[in-house]
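User: Please take a close look at one part of this structure and describe how it is built into its surroundings. I should like a single connected account.

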Amino acid sequence: MVTTGTSGRYNNKSEVIDLMNPTKTCHPWVDYPIGVDSAVGVFIQDKVVICGGDSTFTAGNGAVDSCFALGPTEVTEMKLNAASYSSAAGTFDQSFFISGGYGE
């Protein structure tokens, strides 16, 4: 899945790419609800969970303290204890860990 990012302006479109067959067209997922770059994400069960990011270019806020769980047709918002961007992330036993980065 490819979602979020910036190249002069934010992109919040979500696209699923089949890496085994790049010519295959996949059904689009729901778009990311806010404009950010430098967010981190993982795939847990049937959702893509993306957290943090930098919203400086559009909102002027800088680090973001939101996480969004994206499914094919729905988005659920969660909050981080500390806003961050350019962090590292990983999973262990269906848990999502975020470490480092900039922000709070």
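The request below concerns one residue and the sheet around that residue.

User: Please examine Ile-50 in strand 2. Which residues does Ile-50 touch, not counting residues up to four places away in sequence, and is Ile-50 buried or exposed?

Analyst: The account that follows rests on a predicted model. It begins with the sheet and then turns to the residue itself.

Five strands make up an open sheet, arranged in the order 1-2-3-4-7 with antiparallel pairing. Strand 1 (40–44) and strand 7 (102–103) lie at the edges, each pairing on one side only. Strand 2, which covers residues 47–51, runs antiparallel to strand 1 and is joined to strand 1 by five bridges. Within this pairing, Val-42 has Val-49 of strand 2 as its bridge partner.

Ile-50 belongs to strand 2. Its relative accessible area is 6%, under the 20% limit, and therefore Ile-50 counts as buried. Beyond its neighbours within four places in sequence, Ile-50 is in contact with Thr-3, Tyr-32, Ala-39, Val-40, Gly-41, Ser-66, Cys-67 and Phe-68. Of these partners, Ala-39 is 11 residues from Ile-50 in sequence, and the two C-alpha atoms are 6.6 Å apart in space.

Ile-50 is also a member of the largest nonpolar core, whose eight residues are Trp-29, Tyr-32, Val-36, Val-48, Ile-50, Val-64, Phe-68 and Leu-70. Strand 2 and strand 3 (64–70) each contribute at least two residues to this core. Strand 3 contributes the most, namely three residues. A second core, separate from this one, has five residues, among them Val-49, Cys-51, Ala-69 and Leu-80.

A further position in the sheet, Ser-84, may be set beside Ile-50. Ser-84 is placed in strand 4 (residues 75–85). With a relative accessible area of 11%, Ser-84 is likewise under the 20% limit and so is buried. The side chain of Ser-84 makes a polar contact of 3.1 Å with the side chain of Ser-87. Apart from its neighbours within four places in sequence, Ser-84 is in contact with Gly-52, Gly-53, Ala-63, Val-64, Ile-98, Gly-100 and Tyr-102. One of these partners, Val-64, is listed in the largest nonpolar core, the core to which Ile-50 also belongs.

In summary, Ile-50 is a buried residue of strand 2 that takes part in the largest nonpolar core.

How values were computed: Residues numbered from 1 in each chain as written. Predicted model: local features only at pLDDT ≥ 70, side-chain atom pairs only at ≥ 80, totals over all residues. Heavy atoms only, no water. Pairing = 2+ DSSP bridges. Helix = DSSP H or I, 4+ residues; strand = E, 2+ residues; numbered from the N terminus. Core = buried A, V, L, I, M, F, W, Y, C linked by side-chain atoms within 4.5 Å. Buried < 20%, exposed > 50% of the residue type's maximum accessible area, 1.4 Å probe, protein only. Contact = heavy atoms within 4.5 Å. Polar contact = N/O pair within 3.5 Å; in protein donor to acceptor, adjacent residues only side chain to side chain.
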